[in-house]
Amino acid sequence: MTNTLRERVAISGVGCSRFGDLLETPELKGTSIQELTARAVKEALDDAGVSAQDVDAVFAGNAMVASSQLPGTYTQLSKWIGTQFKAGVHFEAQCSTTNVGAALAAMSIAAGVYDTVLVYGVETTRTKVKQFSPYEREPISHQQTWLWTDMAVNQAYGVPQGYDIFSTYNGLVALGYCRKYGISIEDFDRGMFELCRTRRLHGSMTPKANIQEKLEDRAAREGFSDPYDYWQSDKHNPFVAWPSRLLSLVTTADGASAMVLTRADLAKQGKSEPVEFKGFGISYSDLPWYGDDPTYWEFDKRAIDAAFGMADIKAADIDYLHTHDCSHISSICTAETIGYLEAGKGLAAARDGQLRFDGNRPMSTHGGRHAFGHAWAASAGSDTYEAVLQMRGKAGARQIPRPPRVSVIHTHGYAMIGTVVVLGSL
């Protein structure tokens, strides 16, 4: 295996919808899933300065068809987004979907098959089709969402009450991390509080985030003068798997994202500043996710090594990092495996503010899975969207003072597809 892209490939356009609830979020209320997708795709096409008929192929991602009822995603949405008569396919890689799609697009471009490819992902984890209406929706319980998701990835582990696999793993990884590095439960809890506070700060500065309220403001709204007292409140932030709490986990959302990839020489002729798609790595595994050490996941290491090898970078080159943070502690473990954070020092970095947009190790500046929200097949695209904005210097109030030249986006496609993408200035 040469692990090489034979031609340079660029992301020339990105788009992302507001993440939220199609029944409740003001900017989304009344929007159909078709319109949600079309908004993200239109933004990406406009950003790239091309029309839908200028692309050669479309890779359409959707993972939870039980809620979308769009198993033929490519055909059902082709006229909504204007891509009829193009080559295309529906695919899914769970929560890595859009970035796995970007890797497939990069390979097809580097192989000379296509010049320009549109990738999009759409997911609704808060709402589902109401009976057989194409446009009416109704709420989904969290238990139903997680049961569908767990059953999709490993039926032996899916249980009717739902949401057992991930929450339990979160507690096991937390205990393993504390034991490995000699961290007290009290220090762990404080570190998780500071990490959540950073994610919520970033979400408050991101107009498309699902949660745009800082943790301090939420605490004050609930009558707490000290936000740490709110954090430790059993009523508002219970343990889901001791010592890990509810606010250290993912928040579900409806959302869509899109990106346009093209030959690097064509990208330079486009409307917006392109970003080079320098490399990727993908590694699959199944439950259980670890061996003797719950903080080390082999599939992540293999994906990291493959991506870094293709892009010819090392950890010291990274200016901006997003790691999959459905579980905040696992996101720290991954950042340490990558080498962006010193092993055993990730929580200290969070406490010191190093992970903020204005810190020296900025991470997940859109708010991550907790504040930006998680729409399975669309989320990896939202992470790439944020990285591209940061590299262009267009991230608004949360802009990293010195725009990154090398960004790394890591995602976990449940359960598990370790996926790492490396972006660089063109």
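Pro-288 sits in the loop that runs between strand S10, residues 275-284, and helix H11. The peptide bond joining Leu-287 to Pro-288 is cis, with omega at about -10°. I should state at once that this is a predicted model, and every value I quote is to be taken in that light.

There is a further cis peptide bond to report, and this one joins Tyr-414 and Ala-415, with omega at about 0°. Where does Ala-415 lie? Ala-415 is in the loop between strand S12, residues 406-413, and strand S13, residues 417-425.

While we are on backbone geometry, please turn to Phe-85. This residue is not a glycine, yet Phe-85 has a positive phi of about 80°. Phe-85 is placed in the loop between helix H3 and strand S3, the latter covering residues 87-91.

Let me now return to H11, the helix that follows the loop of Pro-288. H11 comprises residues 298-311, and it packs with helix H12, residues 328-338, at an angle of about 45°; the two axes are 10 Å apart. The two helices are therefore oblique to each other. As to handedness, H11 passes H12 in a right-handed crossing. On the H11 side the residues in contact are Asp-300, Lys-301, Ile-304 and Phe-308, and they meet Thr-334, Thr-337 and Ile-338 of H12. Sorted by class, this contact of H11 with H12 holds three nonpolar, two polar and two charged residues.

H12 also packs with helix H6, residues 165-181; here the angle is about 50° and the axes are 8 Å apart. That angle makes H6 oblique to H12. Is the crossing of H6 and H12 left-handed or right-handed? The crossing of H6 and H12 is left-handed, whereas H11 passes H12 in a right-handed one. From H6, the residues Asn-170, Val-173, Ala-174, Tyr-177 and Tyr-181 meet His-328, Ile-329, Ile-332, Cys-333 and Glu-336 of H12. The contact of H6 with H12 divides into seven nonpolar residues, two polar and one charged.

The next helix pair involves H3, the helix that precedes the loop of Phe-85. The axes of helix H1, residues 33-48, and H3, residues 73-81, come within 10 Å and cross at roughly 60°. This crossing angle makes H1 oblique to H3. H1 passes H3 in a right-handed crossing. H1 contributes Gln-34, Glu-35, Thr-37, Ala-38 and Val-41 to the contact, and H3 contributes Leu-77, Trp-80 and Ile-81. What is the division by class in the contact of H1 with H3? There are five nonpolar residues, two polar and one charged.

I turn now to the aromatic rings. A search of the whole structure finds 14 aromatic pairs. One of them is formed by Phe-19 and Phe-372: the ring centres are 4.7 Å apart and the planes stand at 55°, so the pair is tilted. This pair links distant parts of the chain, the two residues being 353 residues apart. Phe-19 is in the loop between strand S1, residues 9-16, and H1. Phe-372 is in the loop between helix H14, residues 368-371, and helix H15, residues 376-392.

Finally, a word on the record. An unreviewed UniProt entry annotates residues 301-422 as "domain: Thiolase C-terminal". In the model, the end C-alpha atoms of residues 301-422 lie 15 Å apart. How much of that span is helix, and how much is strand? Helix accounts for 40% of the span and strand for 14%.

Note on methods
Residues numbered from 1 in each chain as written. Predicted model: local features only at pLDDT ≥ 70, side-chain atom pairs only at ≥ 80, totals over all residues. Heavy atoms only, no water. Axes fitted to C-alpha atoms, helices over the stretch in contact; angles between N-to-C directions. Helix = DSSP H or I, 4+ residues; strand = E, 2+ residues; numbered from the N terminus. Parallel < 35°, antiparallel > 145°, perpendicular 65-115°, else oblique. Left-handed = near helix turned anticlockwise from the far one by under 90°. Contact = heavy atoms within 4.5 Å. Nonpolar A, V, L, I, M, F, W, Y, C, P; charged D, E, K, R; others polar. UniProt positions renumbered as here; feature names shortened; annotations may be inferred. Phe/Tyr/Trp six-rings, centres within 6.5 Å; stacked < 30°, edge-to-face > 60°.
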